[in-house]
Amino acid sequence: MGGTVKPRCAGCSKRIAKGEPDLILRQVAPENPTRTALRLVYHVRCNAAALERASEIPALWHMTHRYIDAEAN
């Protein structure tokens, strides 16, 4: 009987609370640009780690800032 798994930040490894905005960093698959090869979740405060990760690996990345309020997304 599992519930929803709370994601961990790829930058600091702490859990991201449900009521906290987050960043989703997706690496686009080179063979098929409509698919995601890697999906990482970061705290907004860990955005420097997300940008560093994207700049280290030469690939096409897509970053989404997800807000708490559904209307803001």
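In which segment is P21 found? P21 belongs to the segment before β1, and its surroundings are shown in Figure 4.

**Figure 1. Overview of the predicted chain and its order of elements.** The structure is a predicted model, in which local features need pLDDT of at least 70, side-chain atom pairs count only at pLDDT 80 or more, and totals for chains, interfaces and linings use all residues. Residues are numbered from 1 along each chain as its sequence is written, and side-chain values use heavy atoms, with hydrogens and water left out. The chain holds 1 helix and 3 strands, arranged β-β-α-β from the N terminus on. Helices (H or I, at least four residues) and strands (E, at least two) are DSSP runs, numbered from the N terminus. The C-alpha trace spans about 35 × 30 × 25 Å along its principal axes. Of the 73 residues in the chain, 22% are buried; buried denotes under 20% relative accessible area, exposed over 50%, and partly exposed in between, with a 1.4 Å probe and protein chains only. Contact is defined as heavy atoms within 4.5 Å. Among contacts between residues at least 6 apart in sequence, 50% join residues at least 24 apart.

**Figure 2. The open sheet and the helix packed on it.** Three strands form an open sheet in the order β2-β1-β3, with antiparallel pairing. β2 (36-43) and β3 (61-66) each have a single partner strand and stand at the edges, so one side of each is left without a neighbour in the sheet. From one strand to the next, the twist averages 20°. Helix α1 (residues 47-56) packs on the sheet and touches β1, β2 and β3; the direction of α1 makes about 155° with that of β2. Axes are lines fitted to C-alpha atoms, for helices over the stretch in contact, and angles run from 0 to 180 degrees between N-to-C directions.

**Figure 3. Strand β1, its bridge partners and Q27.** Strands count as paired if DSSP finds at least two bridges between them. Strand β1 (residues 22-28) is joined to β2 by 7 bridges and to β3 by 6 bridges, running antiparallel to β2 and to β3. On the β2 side, V28 stands opposite T36, and I24 stands opposite V41. On the β3 side, R26 has H62 as its bridge partner. β1 is mostly covered, with 6 of its 7 residues buried. Q27 lies in β1 and counts as buried because its relative accessibility is 16%. Apart from residues up to four places away in sequence, Q27 touches R35, T36, A37, L38, I57, A59, L60 and W61.

**Figure 4. P21 and its contacts in the segment before β1.** P21 is partly exposed, with a relative accessible area of 26%. Its C-alpha atom is separated by 6.6 Å from that of V44, although the two residues are 23 residues apart along the chain. V44 is also in contact with P21, as are H65, R66, Y67 and I68, when neighbours within four places in sequence are left aside.

**Figure 5. S13 and P33, in the segment before β1 and in a loop.** S13 lies in the segment before β1. Its phi is near 65°, a positive value in a residue other than glycine. Most residues other than glycine have a negative phi. With 46% relative accessibility, S13 counts as partly exposed. P33 is placed in the loop between β1 and β2 and is exposed, with a relative accessible area of 62%. The C-alpha atoms of P33 and A50 are separated by 20 Å, and these residues are 17 residues apart along the chain.

**Figure 6. The largest pocket and its lining.** The largest pocket has a volume of about 300 Å³. A pocket is an open set of points on a 1 Å grid over the protein atoms alone, where a 1.4 Å probe fits, with protein on both sides within 12 Å along at least five of seven lines; lining residues have an atom within 4 Å of a point. Grid points are joined across faces, edges and corners, and a volume is the space filled by probe spheres set on the points. The lining consists of 13 residues, of which P7, I16, A17, K18 and R66 lie nearest the centre of the pocket. By class, the lining comprises 7 nonpolar, 1 polar and 5 charged residues. Ala, Val, Leu, Ile, Met, Phe, Trp, Tyr, Cys and Pro count as nonpolar, Asp, Glu, Lys and Arg as charged, and the others, Gly among them, as polar.
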